[in-house]
Amino acid sequence: MAERGRQDDRRRRDGSTGAGGRGRGPRQRSAQAPSQRARHGDPARDAAYEVMRAVADGGYANLVLPTVLREARLQGRDAGFATELTYGTLRMQGLYDAVIDACVDRPGRAIDPAVRDILRLGAHQLLAMRVPDHAAVSATVALARQHVGQGAGGFVNAVLRRVSERSRPEWLEQVAGSTTDPIERLAIENSHPVWVVRALRAALIGHGASTAETSERQLATLLEAHNTPASPTLVARPGLGAEDELKEAGAVPDATAPTAWTMPGGDPGQLAAVRDGGAAVQDAGSQLLALALAAAEISTTDTSATESSTTDTSTTDAPATNTATTNTPTEQWLDLCAGPGGKAGLLAALAVQHGAHLRANEVQAHRADLVRNTLRAVRHAHPEVVHVTVEDGRDVGESDPGRYDRVLVDAPCTGLGALRRRPDARWRRTPKDLAELGPLQRDLLAGAIEATRPGGVVLYSTCSPHLAETEFVVKDVLKVFPSVSAVDVRPLLRDRAGQILPDTGPGPWAQLWPHLHGTDGMFLALLRVGA
């Protein structure tokens with residue numbers, strides 16, 4: 001019993017109830033003398049570790065990382081190293097967990113969570129970054145000593161030396177090669193949860209991007225796109241004069257959307273146009289849906305005639321016409337779920353051009369403050385154009401029925417279409433989220449329809465291609481409102497050259513894809529409210 005107690009003590013000091021090498025094999029020793037071993041991680045790796053732990057506690061990497069970098073006073077190459085180490089590790093942690101588990105004898109789940117995060121950071125340096133093996137191992141061991149303890153440092157040293165014995169392709173073959181299920185193999189190779197991969201396959205087929213026969217190839221390309229960091233995309237909000245500064249800063253017009261710009265490098269937050277609200281970081285897909293809502297036809301009398309006109313435009317590349325449109329100064333627009341304000345910012349600028357009024361509504365007061373801040377440029381120049389309200393979007397249809405000409409419902413969703421920008425989201429979400437979000441999405445869309453006047457339009461969108469959040473929601477709500485019809489939204493999705501975006505599905509709704517359009521995986525459905 002005394003010997004067993006001593007073994008347990010050693011495991012606790014190691015930060016693990018599991019391995020520390022193969023157990024029965026020769027003991028792994030550091031190549032460094034004890035006096036030469038670093039006891040503290042460097043600031044960049046320390047920052048990455050801090051973000052990893054914050055994410056484990058429920059934080060969001062894209063919100064935590066900037067604060068950590070600022071507090072650590074990391075800039076330039078050090079900030080870039082910390083960012084790549086953090087985001088790259090979060091993206092690929094599924095693969096790295098499989099590799100780590102192959103390097104220990106005990107079940108992987110028994111490893112202390114803090115130690116596992118440190119091992120993930122070390123694995124990313126060894127398998128995906130240009131860091132010499134000896135530097136990756138010694139610096140990560142120092143991180144373990146600093147944050148967990150001396151024993152954990154020995155455990156991390158042993159595991160990472162085994163990780164370093166094989167190349168990334170060799171590890172891929174070892175941890176995924178024995179899997180006969182193609183979905184499970186893709187999930188390991190591309191570091192996604194299996195349930196997410198199955199859902200994305202169903203979405204590719206359901207939205208017409210592939211067939212059952214071609215889905216595996218399309219799926220692999222999509223997953224690879226999720227693992228490729230996206231260049232920062234900005235929106236130049238029309239009429240606010242941001243384009244010249246974006247050009248001077250080196251940004252180039254993005255072909256995907258007329259208002260989109262791509263930054264090849266640098267910090268967009270340093271631009272005056274971004275600070276004053278004339279421009280903002282925003283995915284081109286999000287810009288397209290705001291532009292589509294503003295360009296949609298609305299009618300005051302003959303809905304059926306408008307429907308026919310819209311259908312005809314889908315066969316041509318001509319810009320959508322507004323023959324039955326009433327873009328009068330009295331148009332009322334509503335962004336039902338406006339927080340944090342990105343799409344409302346573009347809608348507000350478009351409302352100025354259309355002589356319309358925008359109500360930006362958000363259910364949470366602190367997020368409504370973010371919306372006000374986003375809209376500051378338009379509110380300063382045109383205070384009469386936009387106002388921000390705090391109300392549950394599900395109640396707006398009852399409190400303000402039949403008032404609005406154009407309504408955007410950018411519904412809360414799992415975000416499975418934005419995994420390249422939110423690397424931690426794939427591990428945060430579970431199938432349970434779908435069950436919780438579904439009723440909310442349906443209630444918000446129903447409330448939006450009730451808030452829209454006859455002849456007006458509602459645009460429902462999600463940053464997820466999951467069928468349970470997209471097509472199924474729209475079809476269910478249409479059953480409840482027989483006077484509401486789906487309008488073909490695809491003719492309204494036009495690139496900078498004015499051409500209709502290809503490969504958005506069979507209609508009437510549209511699905512954008514990272515691997516096909518270079519945007520987030522946005523879903524859009526345009527509905528017209530009848531009399």
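Is Pro340 buried, exposed or partly exposed? In this predicted model, Pro340 counts as partly exposed, with a relative accessibility of 45%. The legends below begin with this residue.

**Figure 1. Pro340 follows a cis peptide bond in the loop between strand S5 and helix H16.** The loop that holds Pro340 runs between strand S5 (332-335) and helix H16 (342-354). The peptide bond from Gly339 to Pro340 is cis, and its omega is near 0°. When neighbours within four places in sequence are left aside, Pro340 is in contact with Arg367, Leu370, Val371 and Thr374. According to the unreviewed UniProt entry, Pro340 is one of the residues covered by the annotation "binding site".

**Figure 2. Lys343 is a buried residue of helix H16.** The relative accessibility of Lys343 is 15%; because buried means under 20%, Lys343 counts as buried. Beyond its neighbours within four places in sequence, Lys343 is in contact with Gln282, Ser286, Leu289, Ala290, Asp335, Leu408, Asp410 and Met522. The "binding site" annotation in the unreviewed UniProt entry covers both Lys343 and Asp410. Also covered by this annotation are Cys337, Ala338, Gly339, Gly341, Gly342, Glu362 and Asp392.

**Figure 3. Cys413 and Cys463 do not form a disulfide.** A disulfide is a covalent bond between the sulfur atoms of two cysteines. A search of the whole structure finds zero disulfides. Cys413 is in none, and the nearest cysteine sulfur, that of Cys463, is 3.3 Å away. Why is the sulfur of Cys463 not bonded to that of Cys413? The distance of 3.3 Å is too far for a bond, because a disulfide requires the two sulfur atoms to be within 2.5 Å. Both residues are buried: Cys413 has a relative accessible area of 10%, and Cys463 has a relative accessibility of 14%.

**Figure 4. Helices H6 and H7 cross in a roughly antiparallel arrangement.** The axes of helix H6 (residues 133-147) and helix H7 (residues 150-163) come within 7 Å and cross at roughly 155°. Because angles over 145 degrees count as roughly antiparallel, H6 is described as roughly antiparallel to H7. The crossing of H6 past H7 is right-handed. On H6, the contact is made by Val137, Thr140, Val141, Ala144 and Arg145. On H7, the contact is made by Gln150, Ala152, Gly153, Val156, Asn157, Leu160 and Arg161.

**Figure 5. Val159 of helix H7 is buried.** The relative accessible area of Val159 is 0%. Val159 and Cys103 are 56 residues apart in sequence, yet their C-alpha atoms are 6.0 Å apart in space. Residues up to four places away in sequence not being counted, Val159 touches Ile100, Cys103, Val104 and Leu119.

**Figure 6. Ser191 has a positive phi in the loop between helices H9 and H10.** Phi of Ser191 is near 55°, a positive value in a residue other than glycine. The loop lies between helix H9 (182-189) and helix H10 (194-206). Ser191 is buried, and its relative accessible area is 1%.

**Figure 7. Asp503 and Pro508 lie in the loop between strands S10 and S11.** This loop connects strand S10 (484-487) and strand S11 (510-511). Asp503 is another residue other than glycine with a positive phi, near 60°. At 53% relative accessibility, Asp503 counts as exposed. Within the loop, Pro508 is joined to Gly507 by a cis peptide bond, with omega about 0°.

Notes. Residues numbered from 1 in each chain as written. Predicted model: local features only at pLDDT ≥ 70, side-chain atom pairs only at ≥ 80, totals over all residues. Heavy atoms only, no water. Buried < 20%, exposed > 50% of the residue type's maximum accessible area, 1.4 Å probe, protein only. UniProt positions renumbered as here; feature names shortened; annotations may be inferred. Helix = DSSP H or I, 4+ residues; strand = E, 2+ residues; numbered from the N terminus. Contact = heavy atoms within 4.5 Å. Axes fitted to C-alpha atoms, helices over the stretch in contact; angles between N-to-C directions. Parallel < 35°, antiparallel > 145°, perpendicular 65-115°, else oblique. Left-handed = near helix turned anticlockwise from the far one by under 90°.
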